[in-house]
Amino acid sequence: MNRLILLLLLLLSLPVAGSQVSVEYAGVSTDAEKTRLILDTSASVSHQVFTLDGPDRVVVDIANARMIGQLPQATTKNPTLIGLRSGIRNQGDLRIVLDLRHGVRIKSFSVPSADGRGHQLIVDLIRKANAPLSSEHRPDPTATDLENSPTPPKKGVLRTAVIAIDAGHGGADPGAIGPSGTREKDVTLAIARKLASLVEKEPGMRALMIRDGDEFIGLRQRILKAREHTADIFISIHADAFNNTDAHGSSVYTLSNVGASSEAAMWLADRENSADLVGGVDISASDDLLATVLLDMTQNATIEHSTEVASAVLSYLGAVGDMHRKDVQRAGFVVLKSPDIPSLLVETAFISNANEEKRLKSNAHQQRLAQAIFAGVKAYLKKFPPRGVQAAAAVAPSTAGPATSASAKALVIQASASSRPSATREYVVNSGDTLSGIAKRHRVSLPSLKAENGLEEGDIIRAGQVLAIPADS
(Lines give C-alpha, C1' and ligand atoms only; values in the text may rest on other atoms or scores of the structure.)
Protein backbone atom coordinates (compact mmCIF):
# COMPACT_ATOMS: atom_id res chain seq x y z
CA MET A 1 0.00 0.00 0.00
CA ASN A 2 2.81 2.39 0.95
CA ARG A 3 4.51 1.67 -2.38
CA LEU A 4 1.28 2.42 -4.26
CA ILE A 5 0.84 5.76 -2.47
CA LEU A 6 4.47 6.66 -3.22
CA LEU A 7 3.98 5.81 -6.89
CA LEU A 8 0.83 7.97 -7.09
CA LEU A 9 2.66 10.89 -5.48
CA LEU A 10 5.50 10.58 -8.00
CA LEU A 11 3.07 10.50 -10.91
CA LEU A 12 1.27 13.58 -9.61
CA SER A 13 4.57 15.46 -9.33
CA LEU A 14 5.45 14.87 -12.98
CA PRO A 15 4.37 17.46 -15.58
CA VAL A 16 1.53 16.42 -17.82
CA ALA A 17 2.91 14.99 -21.07
CA GLY A 18 2.61 17.47 -23.88
CA SER A 19 1.87 20.47 -21.61
CA GLN A 20 3.70 23.63 -22.63
CA VAL A 21 6.31 25.23 -20.43
CA SER A 22 5.54 28.82 -19.46
CA VAL A 23 8.39 31.30 -20.01
CA GLU A 24 8.45 34.77 -18.46
CA TYR A 25 11.00 37.56 -18.70
CA ALA A 26 12.72 38.03 -15.32
CA GLY A 27 15.34 40.66 -16.07
CA VAL A 28 18.67 41.67 -17.62
CA SER A 29 21.84 42.49 -15.72
CA THR A 30 25.11 43.88 -17.06
CA ASP A 31 28.63 44.06 -15.67
CA ALA A 32 32.05 44.73 -17.18
CA GLU A 33 32.28 41.25 -18.69
CA LYS A 34 28.81 40.22 -19.79
CA THR A 35 25.12 40.91 -20.15
CA ARG A 36 22.89 38.26 -18.55
CA LEU A 37 19.31 37.51 -19.62
CA ILE A 38 17.17 35.69 -17.03
CA LEU A 39 13.98 33.86 -17.99
CA ASP A 40 11.66 32.22 -15.46
CA THR A 41 10.34 28.84 -16.67
CA SER A 42 7.66 26.67 -15.14
CA ALA A 43 9.84 23.58 -15.62
CA SER A 44 13.31 22.63 -16.80
CA VAL A 45 13.46 23.35 -20.55
CA SER A 46 15.10 21.83 -23.58
CA HIS A 47 16.67 24.73 -25.43
CA GLN A 48 19.14 25.58 -28.16
CA VAL A 49 21.14 28.80 -28.57
CA PHE A 50 23.00 30.03 -31.65
CA THR A 51 24.20 33.29 -33.20
CA LEU A 52 23.45 35.11 -36.44
CA ASP A 53 25.24 38.07 -37.97
CA GLY A 54 24.45 40.91 -40.35
CA PRO A 55 23.17 42.29 -37.95
CA ASP A 56 24.40 40.50 -34.83
CA ARG A 57 21.74 38.45 -33.02
CA VAL A 58 21.42 35.59 -30.58
CA VAL A 59 18.55 33.15 -31.07
CA VAL A 60 17.14 31.08 -28.20
CA ASP A 61 14.83 28.21 -29.20
CA ILE A 62 12.81 26.61 -26.39
CA ALA A 63 10.94 23.43 -27.19
CA ASN A 64 7.21 23.21 -26.39
CA ALA A 65 7.00 26.57 -24.65
CA ARG A 66 4.93 29.76 -24.65
CA MET A 67 5.71 33.33 -23.60
CA ILE A 68 3.88 34.84 -20.64
CA GLY A 69 3.79 38.63 -20.49
CA GLN A 70 5.80 41.07 -22.59
CA LEU A 71 9.48 41.38 -23.39
CA PRO A 72 11.06 44.82 -22.72
CA GLN A 73 11.15 47.46 -25.42
CA ALA A 74 14.29 48.57 -27.22
CA THR A 75 16.96 50.17 -25.05
CA THR A 76 19.75 52.60 -25.84
CA LYS A 77 21.51 52.19 -22.48
CA ASN A 78 22.72 48.57 -22.56
CA PRO A 79 26.18 48.31 -24.18
CA THR A 80 25.40 44.90 -25.73
CA LEU A 81 21.65 44.38 -25.99
CA ILE A 82 19.44 46.46 -28.28
CA GLY A 83 16.21 44.64 -27.50
CA LEU A 84 14.32 41.33 -27.41
CA ARG A 85 11.45 39.87 -29.42
CA SER A 86 9.68 36.54 -29.53
CA GLY A 87 7.59 34.40 -31.82
CA ILE A 88 6.22 30.89 -32.27
CA ARG A 89 7.82 28.37 -34.62
CA ASN A 90 6.96 24.77 -35.49
CA GLN A 91 3.44 25.33 -34.10
CA GLY A 92 4.48 25.18 -30.46
CA ASP A 93 8.14 26.04 -29.91
CA LEU A 94 9.15 29.45 -28.59
CA ARG A 95 11.86 31.50 -30.32
CA ILE A 96 13.37 34.53 -28.58
CA VAL A 97 15.67 36.80 -30.59
CA LEU A 98 18.18 39.09 -28.88
CA ASP A 99 19.25 42.00 -31.11
CA LEU A 100 22.82 43.01 -30.35
CA ARG A 101 25.21 45.88 -30.91
CA HIS A 102 28.19 43.57 -31.50
CA GLY A 103 29.18 39.92 -31.70
CA VAL A 104 29.31 37.88 -28.50
CA ARG A 105 30.26 34.52 -27.07
CA ILE A 106 27.35 32.65 -25.48
CA LYS A 107 26.94 30.58 -22.35
CA SER A 108 23.52 29.25 -21.35
CA PHE A 109 22.27 26.97 -18.58
CA SER A 110 19.11 26.13 -16.63
CA VAL A 111 18.99 26.17 -12.82
CA PRO A 112 16.22 25.61 -10.24
CA SER A 113 14.67 28.87 -9.06
CA ALA A 114 15.44 30.11 -5.55
CA ASP A 115 11.94 29.34 -4.26
CA GLY A 116 12.01 25.81 -5.70
CA ARG A 117 8.77 26.34 -7.63
CA GLY A 118 10.26 26.41 -11.11
CA HIS A 119 13.46 26.96 -13.04
CA GLN A 120 15.43 29.79 -14.59
CA LEU A 121 17.07 29.81 -18.02
CA ILE A 122 20.21 31.94 -17.95
CA VAL A 123 21.76 33.27 -21.18
CA ASP A 124 25.10 35.08 -20.82
CA LEU A 125 26.26 37.36 -23.64
CA ILE A 126 30.03 37.67 -23.22
CA ARG A 127 31.55 40.43 -25.27
CA LYS A 128 34.51 39.50 -27.44
CA ALA A 129 37.63 41.56 -26.89
CA ASN A 130 37.90 44.37 -29.45
CA ALA A 131 34.52 43.39 -30.89
CA PRO A 132 33.53 45.97 -33.52
CA LEU A 133 30.25 47.64 -32.71
CA SER A 134 27.53 46.97 -35.24
CA SER A 135 24.88 49.46 -36.30
CA GLU A 136 22.36 50.28 -33.56
CA HIS A 137 19.52 49.92 -36.04
CA ARG A 138 16.96 47.55 -34.62
CA PRO A 139 16.03 44.85 -37.17
CA ASP A 140 12.46 44.56 -38.39
CA PRO A 141 10.52 42.51 -35.79
CA THR A 142 8.75 40.75 -38.66
CA ALA A 143 12.04 39.43 -40.05
CA THR A 144 12.24 35.73 -40.80
CA ASP A 145 14.49 34.95 -37.84
CA LEU A 146 11.31 34.79 -35.74
CA GLU A 147 9.85 32.17 -38.01
CA ASN A 148 10.93 28.68 -38.99
CA SER A 149 14.09 29.87 -40.73
CA PRO A 150 16.93 30.35 -40.37
CA THR A 151 17.62 27.24 -38.34
CA PRO A 152 20.60 26.64 -36.10
CA PRO A 153 23.71 25.16 -37.71
CA LYS A 154 23.12 21.44 -38.15
CA LYS A 155 25.38 18.94 -36.51
CA GLY A 156 27.63 17.33 -39.08
CA VAL A 157 27.76 20.34 -41.41
CA LEU A 158 31.38 20.68 -42.52
CA ARG A 159 33.27 23.80 -41.54
CA THR A 160 36.66 25.16 -42.48
CA ALA A 161 39.72 24.71 -40.26
CA VAL A 162 40.90 28.08 -38.93
CA ILE A 163 44.69 28.48 -38.97
CA ALA A 164 45.83 31.40 -36.81
CA ILE A 165 49.08 32.83 -38.21
CA ASP A 166 51.02 35.05 -35.84
CA ALA A 167 53.82 37.18 -37.31
CA GLY A 168 56.16 37.78 -34.38
CA HIS A 169 56.85 41.28 -33.01
CA GLY A 170 55.59 44.37 -34.87
CA GLY A 171 55.10 48.10 -34.38
CA ALA A 172 57.44 49.53 -31.77
CA ASP A 173 58.90 46.05 -31.25
CA PRO A 174 61.21 45.28 -34.21
CA GLY A 175 62.40 41.95 -32.81
CA ALA A 176 65.95 40.88 -33.57
CA ILE A 177 67.95 42.88 -36.14
CA GLY A 178 70.38 41.25 -38.56
CA PRO A 179 73.94 42.38 -39.38
CA SER A 180 72.73 44.39 -42.38
CA GLY A 181 69.76 45.89 -40.55
CA THR A 182 67.00 43.42 -41.49
CA ARG A 183 64.25 43.57 -38.88
CA GLU A 184 62.67 40.37 -37.61
CA LYS A 185 59.17 41.93 -37.61
CA ASP A 186 59.39 42.53 -41.39
CA VAL A 187 60.59 39.02 -42.19
CA THR A 188 57.97 37.31 -40.02
CA LEU A 189 55.15 39.34 -41.57
CA ALA A 190 56.31 38.52 -45.11
CA ILE A 191 56.42 34.78 -44.34
CA ALA A 192 53.08 34.94 -42.50
CA ARG A 193 51.40 36.56 -45.49
CA LYS A 194 52.76 33.91 -47.85
CA LEU A 195 51.57 31.17 -45.50
CA ALA A 196 48.13 32.79 -45.26
CA SER A 197 47.92 32.89 -49.06
CA LEU A 198 48.60 29.15 -49.25
CA VAL A 199 46.03 28.42 -46.55
CA GLU A 200 43.34 30.53 -48.24
CA LYS A 201 43.80 28.65 -51.52
CA GLU A 202 43.30 25.30 -49.83
CA PRO A 203 39.72 23.93 -49.69
CA GLY A 204 38.64 23.37 -46.10
CA MET A 205 41.06 25.89 -44.58
CA ARG A 206 40.87 29.56 -43.64
CA ALA A 207 43.68 31.84 -42.48
CA LEU A 208 43.41 34.18 -39.51
CA MET A 209 46.20 36.78 -39.49
CA ILE A 210 46.89 37.84 -35.92
CA ARG A 211 48.53 40.95 -37.35
CA ASP A 212 48.51 41.95 -41.02
CA GLY A 213 50.44 45.18 -40.71
CA ASP A 214 53.23 46.84 -38.77
CA GLU A 215 51.39 47.02 -35.47
CA PHE A 216 52.16 46.04 -31.91
CA ILE A 217 49.90 43.40 -30.37
CA GLY A 218 50.44 42.13 -26.83
CA LEU A 219 51.30 38.47 -26.42
CA ARG A 220 48.12 37.56 -24.55
CA GLN A 221 46.02 39.55 -27.01
CA ARG A 222 47.39 37.28 -29.74
CA ILE A 223 46.14 34.22 -27.86
CA LEU A 224 42.75 35.81 -27.19
CA LYS A 225 42.27 36.77 -30.83
CA ALA A 226 42.92 33.18 -31.90
CA ARG A 227 40.47 31.86 -29.30
CA GLU A 228 37.77 34.39 -30.24
CA HIS A 229 37.91 33.12 -33.82
CA THR A 230 37.91 29.48 -32.60
CA ALA A 231 41.24 28.75 -34.26
CA ASP A 232 42.15 25.08 -34.73
CA ILE A 233 45.92 25.68 -34.90
CA PHE A 234 48.08 28.62 -33.77
CA ILE A 235 51.42 29.20 -35.53
CA SER A 236 53.80 31.92 -34.33
CA ILE A 237 56.58 32.80 -36.80
CA HIS A 238 59.91 34.18 -35.63
CA ALA A 239 63.58 34.51 -36.61
CA ASP A 240 66.15 33.44 -34.04
CA ALA A 241 69.19 35.44 -32.88
CA PHE A 242 72.31 34.65 -30.87
CA ASN A 243 75.54 36.44 -29.98
CA ASN A 244 77.44 33.66 -31.75
CA THR A 245 76.97 34.64 -35.40
CA ASP A 246 77.77 31.09 -36.52
CA ALA A 247 74.52 29.79 -35.02
CA HIS A 248 72.19 28.73 -37.81
CA GLY A 249 69.19 26.60 -38.72
CA SER A 250 65.48 26.31 -37.93
CA SER A 251 63.75 25.20 -34.72
CA VAL A 252 60.17 24.42 -33.76
CA TYR A 253 58.83 24.88 -30.22
CA THR A 254 55.75 23.81 -28.27
CA LEU A 255 54.74 24.64 -24.71
CA SER A 256 56.72 23.07 -21.87
CA ASN A 257 54.93 21.27 -19.05
CA VAL A 258 56.19 23.90 -16.60
CA GLY A 259 54.67 26.63 -18.73
CA ALA A 260 51.46 24.66 -18.98
CA SER A 261 51.20 24.27 -15.20
CA SER A 262 51.66 27.98 -14.53
CA GLU A 263 49.12 28.82 -17.22
CA ALA A 264 46.58 26.38 -15.80
CA ALA A 265 46.89 28.09 -12.43
CA MET A 266 46.20 31.46 -14.05
CA TRP A 267 43.12 30.23 -15.92
CA LEU A 268 41.75 28.53 -12.82
CA ALA A 269 42.19 31.74 -10.87
CA ASP A 270 39.83 33.38 -13.36
CA ARG A 271 37.21 30.62 -13.53
CA GLU A 272 34.39 32.78 -14.82
CA ASN A 273 36.30 33.75 -17.96
CA SER A 274 37.51 30.21 -18.59
CA ALA A 275 34.06 28.65 -18.84
CA ASP A 276 34.47 27.64 -22.48
CA LEU A 277 37.94 26.10 -22.24
CA VAL A 278 36.90 22.50 -21.83
CA GLY A 279 34.44 21.76 -24.57
CA GLY A 280 31.69 23.96 -23.17
CA VAL A 281 31.80 22.63 -19.60
CA ASP A 282 31.31 25.48 -17.17
CA ILE A 283 34.27 25.05 -14.83
CA SER A 284 33.27 28.23 -13.01
CA ALA A 285 30.54 26.16 -11.35
CA SER A 286 32.82 23.21 -10.53
CA ASP A 287 34.73 22.53 -7.34
CA ASP A 288 38.51 23.07 -7.32
CA LEU A 289 39.44 19.42 -7.86
CA LEU A 290 37.03 18.86 -10.75
CA ALA A 291 38.00 22.13 -12.41
CA THR A 292 41.69 21.21 -12.17
CA VAL A 293 41.11 17.73 -13.61
CA LEU A 294 39.03 19.08 -16.50
CA LEU A 295 41.60 21.71 -17.42
CA ASP A 296 44.52 19.29 -17.06
CA MET A 297 42.80 16.89 -19.45
CA THR A 298 42.28 19.68 -21.97
CA GLN A 299 45.85 20.95 -21.69
CA ASN A 300 47.41 17.49 -21.95
CA ALA A 301 45.46 16.79 -25.13
CA THR A 302 46.41 20.21 -26.52
CA ILE A 303 50.11 19.65 -25.83
CA GLU A 304 49.97 16.24 -27.49
CA HIS A 305 48.41 17.72 -30.62
CA SER A 306 50.84 20.66 -30.53
CA THR A 307 53.67 18.14 -30.64
CA GLU A 308 52.05 16.30 -33.56
CA VAL A 309 51.70 19.37 -35.76
CA ALA A 310 55.11 20.69 -34.68
CA SER A 311 56.76 17.38 -35.63
CA ALA A 312 55.11 17.48 -39.05
CA VAL A 313 56.26 21.07 -39.66
CA LEU A 314 59.76 20.22 -38.43
CA SER A 315 60.10 17.34 -40.90
CA TYR A 316 59.22 19.54 -43.87
CA LEU A 317 61.44 22.41 -42.73
CA GLY A 318 64.32 19.93 -42.81
CA ALA A 319 63.97 19.78 -46.59
CA VAL A 320 64.28 23.58 -46.93
CA GLY A 321 67.49 24.16 -44.99
CA ASP A 322 69.58 23.25 -41.96
CA MET A 323 67.98 22.52 -38.62
CA HIS A 324 69.31 24.11 -35.44
CA ARG A 325 67.47 21.48 -33.41
CA LYS A 326 66.36 18.20 -34.98
CA ASP A 327 63.68 17.51 -32.37
CA VAL A 328 60.70 19.56 -31.27
CA GLN A 329 61.80 21.87 -28.46
CA ARG A 330 59.72 22.94 -25.45
CA ALA A 331 59.68 26.32 -23.78
CA GLY A 332 57.35 28.63 -21.87
CA PHE A 333 56.65 31.14 -24.65
CA VAL A 334 53.53 33.11 -23.75
CA VAL A 335 52.01 32.80 -27.23
CA LEU A 336 52.02 29.00 -26.87
CA LYS A 337 49.93 29.05 -23.70
CA SER A 338 46.42 28.75 -25.10
CA PRO A 339 45.00 25.79 -23.14
CA ASP A 340 42.72 24.62 -25.93
CA ILE A 341 44.47 25.38 -29.26
CA PRO A 342 47.41 23.28 -30.53
CA SER A 343 50.17 25.88 -30.77
CA LEU A 344 53.71 25.99 -32.13
CA LEU A 345 56.43 28.58 -32.57
CA VAL A 346 58.68 28.36 -35.63
CA GLU A 347 62.15 29.91 -35.49
CA THR A 348 62.68 30.05 -39.26
CA ALA A 349 66.45 30.77 -39.15
CA PHE A 350 69.04 32.89 -37.34
CA ILE A 351 68.71 36.48 -38.49
CA SER A 352 71.96 37.15 -36.59
CA ASN A 353 73.78 34.91 -39.10
CA ALA A 354 74.72 36.96 -42.19
CA ASN A 355 74.08 34.11 -44.62
CA GLU A 356 70.73 33.23 -43.11
CA GLU A 357 69.75 36.90 -42.90
CA LYS A 358 70.29 37.12 -46.66
CA ARG A 359 68.11 34.07 -47.24
CA LEU A 360 65.39 35.40 -44.95
CA LYS A 361 65.20 38.54 -47.10
CA SER A 362 64.75 36.44 -50.25
CA ASN A 363 61.19 36.30 -51.49
CA ALA A 364 61.81 32.79 -52.84
CA HIS A 365 63.18 31.49 -49.53
CA GLN A 366 60.30 33.05 -47.63
CA GLN A 367 57.96 31.19 -49.99
CA ARG A 368 59.77 27.91 -49.38
CA LEU A 369 59.51 28.36 -45.62
CA ALA A 370 55.80 29.12 -45.92
CA GLN A 371 55.30 26.05 -48.11
CA ALA A 372 57.12 23.83 -45.62
CA ILE A 373 55.02 25.08 -42.69
CA PHE A 374 51.86 24.69 -44.75
CA ALA A 375 52.78 21.13 -45.76
CA GLY A 376 53.24 20.21 -42.10
CA VAL A 377 49.90 21.73 -41.14
CA LYS A 378 48.18 19.98 -44.01
CA ALA A 379 49.69 16.62 -43.06
CA TYR A 380 48.58 17.10 -39.46
CA LEU A 381 45.01 17.99 -40.44
CA LYS A 382 44.84 14.92 -42.67
CA LYS A 383 45.86 12.74 -39.74
CA PHE A 384 43.89 14.58 -37.04
CA PRO A 385 41.01 16.52 -38.63
CA PRO A 386 39.25 18.62 -35.97
CA ARG A 387 35.62 17.75 -35.32
CA GLY A 388 33.35 19.04 -38.07
CA VAL A 389 36.21 20.14 -40.31
CA GLN A 390 36.40 19.17 -43.97
CA ALA A 391 39.05 16.55 -44.61
CA ALA A 392 42.36 18.10 -45.58
CA ALA A 393 43.45 17.60 -49.17
CA ALA A 394 45.70 14.61 -49.60
CA VAL A 395 49.29 15.12 -48.56
CA ALA A 396 50.46 11.89 -47.02
CA PRO A 397 52.27 12.54 -43.74
CA SER A 398 55.75 11.13 -43.61
CA THR A 399 55.87 7.89 -41.66
CA ALA A 400 59.64 7.61 -41.81
CA GLY A 401 60.53 10.63 -39.69
CA PRO A 402 62.05 13.82 -41.14
CA ALA A 403 61.88 14.15 -44.91
CA THR A 404 65.24 13.09 -46.32
CA SER A 405 64.59 11.30 -49.63
CA ALA A 406 63.95 13.14 -52.89
CA SER A 407 60.32 12.01 -52.90
CA ALA A 408 59.84 13.19 -49.34
CA LYS A 409 61.46 16.52 -50.13
CA ALA A 410 58.99 16.95 -52.98
CA LEU A 411 56.17 17.04 -50.45
CA VAL A 412 57.46 20.39 -49.19
CA ILE A 413 56.14 22.03 -52.33
CA GLN A 414 53.29 19.66 -53.21
CA ALA A 415 50.96 21.09 -50.59
CA SER A 416 50.84 24.51 -52.22
CA ALA A 417 51.05 23.20 -55.75
CA SER A 418 47.97 21.02 -55.24
CA SER A 419 45.89 24.11 -54.44
CA ARG A 420 46.82 25.99 -57.60
CA PRO A 421 44.34 26.43 -60.44
CA SER A 422 44.02 23.39 -62.69
CA ALA A 423 45.69 25.34 -65.50
CA THR A 424 49.08 24.77 -63.87
CA ARG A 425 51.01 21.51 -63.99
CA GLU A 426 53.61 20.05 -61.68
CA TYR A 427 57.14 18.87 -62.38
CA VAL A 428 59.48 17.05 -59.99
CA VAL A 429 63.04 18.27 -60.43
CA ASN A 430 65.56 15.57 -61.38
CA SER A 431 69.29 15.56 -60.83
CA GLY A 432 70.97 17.71 -63.50
CA ASP A 433 67.87 19.75 -64.33
CA THR A 434 68.17 23.50 -64.91
CA LEU A 435 65.43 26.11 -64.85
CA SER A 436 66.06 27.08 -68.47
CA GLY A 437 65.94 23.42 -69.52
CA ILE A 438 62.67 22.82 -67.65
CA ALA A 439 61.15 25.97 -69.20
CA LYS A 440 62.19 24.86 -72.71
CA ARG A 441 60.90 21.32 -72.19
CA HIS A 442 57.47 22.57 -71.10
CA ARG A 443 57.36 25.40 -73.66
CA VAL A 444 57.03 28.18 -71.13
CA SER A 445 59.11 31.32 -70.69
CA LEU A 446 61.86 31.29 -68.07
CA PRO A 447 60.57 34.50 -66.39
CA SER A 448 57.05 33.06 -66.05
CA LEU A 449 58.42 29.81 -64.58
CA LYS A 450 60.39 31.79 -61.99
CA ALA A 451 57.45 34.03 -61.18
CA GLU A 452 55.08 31.08 -60.76
CA ASN A 453 57.39 29.53 -58.17
CA GLY A 454 58.61 32.69 -56.43
CA LEU A 455 62.18 32.18 -57.65
CA GLU A 456 64.73 34.94 -58.02
CA GLU A 457 68.03 35.27 -59.88
CA GLY A 458 70.62 33.00 -58.28
CA ASP A 459 68.13 30.69 -56.54
CA ILE A 460 69.05 27.02 -56.74
CA ILE A 461 66.61 24.23 -57.48
CA ARG A 462 67.09 20.82 -55.90
CA ALA A 463 66.37 17.27 -56.95
CA GLY A 464 63.00 16.25 -55.61
CA GLN A 465 61.62 19.80 -55.56
CA VAL A 466 58.20 20.20 -57.16
CA LEU A 467 57.76 23.12 -59.55
CA ALA A 468 54.47 24.51 -60.78
CA ILE A 469 54.50 24.89 -64.56
CA PRO A 470 52.56 28.01 -65.65
CA ALA A 471 49.87 27.86 -68.29
CA ASP A 472 51.51 30.18 -70.84
CA SER A 473 53.06 28.54 -73.96
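Let's start with a pair of strands in this predicted model: strand S8 (residues 104-112) and strand S9 (residues 119-127) run antiparallel to each other and are paired over 9 bridges. If you look for the register, Val 104 has Arg 127 in S9 as its bridge partner. The two strands make a hairpin with 6 residues between them, and in that turn Gly 116 has a positive phi of about 75°.

From the hairpin you can step out to the sheet around it. S8 and S9 belong to an open sheet of 5 strands, ordered S5-S1-S2-S9-S8, with mixed pairing. Strand S5 (65-68) and S8 are the edges; each has a single partner strand, so one side of each is left without a neighbour in the sheet. On average, neighbouring strands here are turned by 30° against each other, direction ignored. At the S5 end, strand S1 (residues 21-30) runs parallel to S5, and 4 bridges join the two. There you will find Ser 22 opposite Arg 66 in S5.

Now take a step back to the whole chain. Its secondary structure comes to 10 helices and 17 strands. Of its 473 residues, 49% are buried. Among contacts between residues at least 6 apart in sequence, 70% join residues at least 24 apart.

Next comes another open sheet, built from 6 strands in the order S11-S10-S12-S15-S13-S14, again with mixed pairing. Its edge strands are strand S11 (205-209) and strand S14 (329-331), each of which pairs on one side only. Neighbouring strands of this sheet are turned by 30° against each other on average, direction ignored. At the S14 edge, strand S13 (residues 251-255) pairs with S14 in the parallel sense over 3 bridges, and Tyr 253 stands opposite Gln 329 in S14.

Two helices that pack on this sheet deserve a look. Helix H2 (residues 184-201) touches strand S10 (161-167), S11, strand S12 (233-240) and strand S15 (343-350), and its direction makes about 160° with that of S11. Helix H7 (residues 363-383) also packs on the sheet, touching S10, S11, S12 and S15; its direction makes about 150° with that of S12.

To see the H2 packing at the level of one residue, zoom in on Thr 188, which is found in helix H2. Thr 188 is buried, with a relative accessible area of 0%. Leaving aside residues up to four places away in sequence, Thr 188 touches Ala 167, Gly 168, Arg 211, Ile 237, His 238 and Ala 239.

A loop residue makes a good companion to that view. Gly 249 lies in the loop between S12 and S13. Is Gly 249 buried or exposed? Its relative accessible area is 1%, under the 20% cut-off, so Gly 249 counts as buried. Not counting residues up to four places away in sequence, Gly 249 touches Asp 322, Met 323, His 324, Glu 347, Thr 348, Ala 349, Phe 350 and Glu 356. Gly 249 and Gly 318 are 69 residues apart in sequence, yet their C-alpha atoms are 9.2 Å apart in space.

From here, turn to the enclosed spaces in the model. There are 4 cavities of 30 Å³ or more, and the largest has a volume of about 100 Å³. It is lined by 13 residues, and those closest to its centre are Ser 250, Thr 348, Ala 349, Arg 359 and His 365. The elements giving two or more residues to this lining are S15, helix H6 (354-361) and H7, and H6 provides the largest share, 3 residues. By residue class, the lining divides into 5 nonpolar, 5 polar and 3 charged.

Two more helices round off the tour. In helix H3 (residues 219-228), the buried residues are Arg 222, Ile 223, Ala 226, Arg 227 and Glu 228. H3 is followed by Thr 230, whose phi is positive, near 45°. In helix H10 (residues 446-453), Ser 448, Leu 449, Lys 450 and Asn 453 are buried. The buried residues of H10 pack against helix H9 (435-441) and strand S17 (466-469). Just after H10, Gly 454 has a positive phi of about 65°.

Notes:
Residues numbered from 1 in each chain as written. Predicted model: local features only at pLDDT ≥ 70, side-chain atom pairs only at ≥ 80, totals over all residues. Heavy atoms only, no water. Pairing = 2+ DSSP bridges. Axes fitted to C-alpha atoms, helices over the stretch in contact; angles between N-to-C directions. Contact = heavy atoms within 4.5 Å. 1 Å grid on protein atoms, 1.4 Å probe; cavity = no way out; pocket = protein on both sides within 12 Å on 5 of 7 lines; lining within 4 Å. Points joined across faces, edges and corners; volume = space filled by probe spheres on them. Nonpolar A, V, L, I, M, F, W, Y, C, P; charged D, E, K, R; others polar. Buried < 20%, exposed > 50% of the residue type's maximum accessible area, 1.4 Å probe, protein only.
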